[in-house]
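Open your viewer, load the model and keep the selection box within reach. We will go from stop to stop, picking residues and looking at what is there.

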Protein chains: 2
Amino acid sequence: MTIGEVAERMNISISTIRFYDKEGLLLGLKRNKGGIRIFDQQDMEVLQLIECLKKSGMQIKDIKQFIKWCSLGDQTLQLRKEMFDKQKANIEQKIKELEHALSLIEYKCWYYQEALKDGNEKRVKQLTPEQMPSVIQEAYQQTHHLFVDKG
Amino acid sequence: MTIGEVAERMNISISTIRFYDKEGLLLGLKRNKGGIRIFDQQDMEVLQLIECLKKSGMQIKDIKQFIKWCSLGDQTLQLRKEMFDKQKANIEQKIKELEHALSLIEYKCWYYQEALKDGNEKRVKQLTPEQMPSVIQEAYQQTHHLFVDKG
DNA sequence: ACTTGACCTAAACTTAACTTTAGGTATTAC
DNA sequence: GTAATACCTAAAGTTAAGTTTAGGTCAAGT
């Protein structure tokens, strides 16, 4: 496959793929006699791995390091394991933070929904936790130290 | 409180706080006669809200927009609600992506742990899902289309 | 009086991850 | 044969979210 086909299939831009190649993330990528990149199934899989690791918050330079380690064989197994152990902890932490943020946002969604019923924030602002739906109450109790008077 | 005290308490750098102020995120922040910023409890709460929204992936310009809407009163309630509804969907999507990435990473952690027992990847590379621990099997089945031959 | 420390501003710099531009090659379509 | 396409490189530009720098004010301590 050519770069254009890969870009369309995977929904990544052509320039991004070339950028990854330049950065050394696509080790072993073949070219034809004219210098044009030819992608096979494995190259596609590397690209998918890159996208997944990026979504996990890993930086390009670390993905590059990992890919380089892969090419160096068994003596880098320990390093690769440590990298993933660390990344696992990173993701778990991120998920926790997002869940916490979600609590706040869910409270806010409910808050504004109530405020809109009245056209103003007076009533909802004065509600005590006991007067909130239990789902919101939980969100509120996790995050109410964050709430601003202004709403 | 002064900027230095706030920075230390909240573990944000002084320059970041000044940057937020310059960007208009700290509307209504007072100064003393010498021009020095004086923070009260409400300003701290706004800062906490900013940190939380940032962690949720919201951009500074959107946080700024929200804060501006707050200052415009009840006619912006609908807009504020829509912003949070949208942000709620964003976070839920992000959590899903992270959980998917976590599956891959958990598989990788297990993979390298097994590989290290042998000093190479030969055995672990050939295992079928039935031969994996069930937790890993689930992760594998969600993500095995991503795996590269090289490990 | 003078030095120190905490504050101030404006403006330049930084970093990551791309994207855009400018100029060139090679294959296919008419 | 020439025009349109899809590819190529190197280098400059972009954006977000800060950080750093340079130069200045002000209050407190010695």
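Does B:Asp21 count as buried or exposed? Select it and show the surface: with a relative accessibility of 16%, B:Asp21 counts as buried, the cut-off for that word being under 20%. Bear in mind on this tour that you are looking at a predicted model.

**Stop 1: the partners of B:Asp21**

Keep B:Asp21 selected and add B:Arg37. Their side chains form a salt bridge, with 2.7 Å from N to O. B:Arg37 belongs to strand β2 (residues 37-38) of chain B and B:Asp21 to helix α2 of chain B, so this pair ties together parts 16 residues apart in sequence. Both B:Arg37 and B:Asp21 are buried.

Now add B:Arg31. The side chains of B:Arg31 and B:Asp21 also meet in a salt bridge, at 3.5 Å from N to O. Here the arginine sits in strand β1 (residues 30-31) of chain B and the aspartate in helix α2 (residues 14-22) of chain B, so the pair links parts that are 10 residues apart in sequence. B:Arg31 has 45% relative accessibility and counts as partly exposed.

**Stop 2: helix α2 in chain A**

Move to chain A and select residues 14-22, which make up helix α2. Which of its residues are buried? They are A:Ile17, A:Tyr20 and A:Asp21. Turn the view until you look down the axis of α2(A): the buried residues fall within an arc of 100°, so they line one face of the helix. On the other side of α2(A) you will find A:Ser15 and A:Lys22, which are exposed.

To see what covers the buried residues of α2(A), show its surroundings in chain A. The cover includes the helices α1 (3-10), α3 (41-55) and α4 (60-71), along with the strands β1 (30-31) and β2 (37-38). Then step just past the end of α2(A) to A:Gly24, where phi is positive, at about 85°.

**Stop 3: an asparagine in a loop, in both chains**

Select A:Asn11, in the loop between α1 and α2 of chain A. What is its phi near? The value is near 60°, which is positive in a residue other than glycine. A:Asn11 is exposed, with a relative accessible area of 73%.

Next, select B:Asn11, which you will find in the loop between α1 (3-10) and α2 of chain B. Phi of B:Asn11 is near 60°, again a positive value in a residue other than glycine. With a relative accessible area of 71%, B:Asn11 is exposed.

**Stop 4: two domains of chain A**

Color residues 1-72 of chain A as domain 1 and residues 76-151 as domain 2, following the domain assignment. Their C-alpha centres lie 36 Å apart.

Now look at where the two domains meet. In contact here are 10 residues of domain 1 of chain A and 8 residues of domain 2 of chain A. The area buried between these domains is about 890 Å², and carbon and sulfur atoms give 77% of that area. How many salt bridges are there between domain 1 and domain 2 of chain A? The count is 0, while 2 residue pairs are in polar contact between them. On the domain 1 side, α4(A) gives the most to the part that touches domain 2, with 5 residues.

**Stop 5: a salt bridge in chain A**

Select A:Arg123 and A:Glu114. They form a salt bridge in which the closest N and O atoms are 3.1 Å apart. A:Arg123 is partly exposed, with a relative accessible area of 36%, whereas A:Glu114 is buried, with a relative accessible area of 10%. Over all chains, the model holds 18 salt bridges.

**Stop 6: B:Ala115**

For the last stop, select B:Ala115 in helix α5 (residues 77-118) of chain B. At 0% relative accessibility, B:Ala115 counts as buried. What is in contact with B:Ala115, leaving aside its neighbours within four places in sequence? The contacts are B:Asn120, B:Glu121 and B:Val124, together with A:Leu77 from chain A. Finally, draw a distance from B:Ala115 to B:Lys125: these residues are 10 apart along the chain, and their C-alpha atoms are separated by 8.4 Å.

Terms used
Residues are numbered from 1 along each chain as its sequence is written. Chains are lettered from A and ligands numbered from 1 in the order in which they are written. This is a predicted model: local features need pLDDT of at least 70, side-chain atom pairs count only at pLDDT 80 or more; totals for chains, interfaces and linings use all residues. Side-chain values use heavy atoms; hydrogens and water are left out. Buried means under 20% relative accessible area, exposed over 50%, partly exposed in between (1.4 Å probe, protein chains only). Helices (H or I, at least four residues) and strands (E, at least two) are DSSP runs, numbered from the N terminus. The arc is that of the directions from the helix axis to the C-beta atoms. Contact means heavy atoms within 4.5 Å. A salt bridge is a side-chain nitrogen of Lys or Arg within 4 Å of a carboxyl oxygen of Asp or Glu. Domain bounds come from an automatic or database domain assignment. Buried area is the accessible area (1.4 Å probe) that two parts lose on being put together, summed over both. A polar contact is a pair of N or O atoms within 3.5 Å; within protein, one must be able to donate a hydrogen and the other to accept it, and residues adjacent in sequence count only if both atoms are side-chain atoms.
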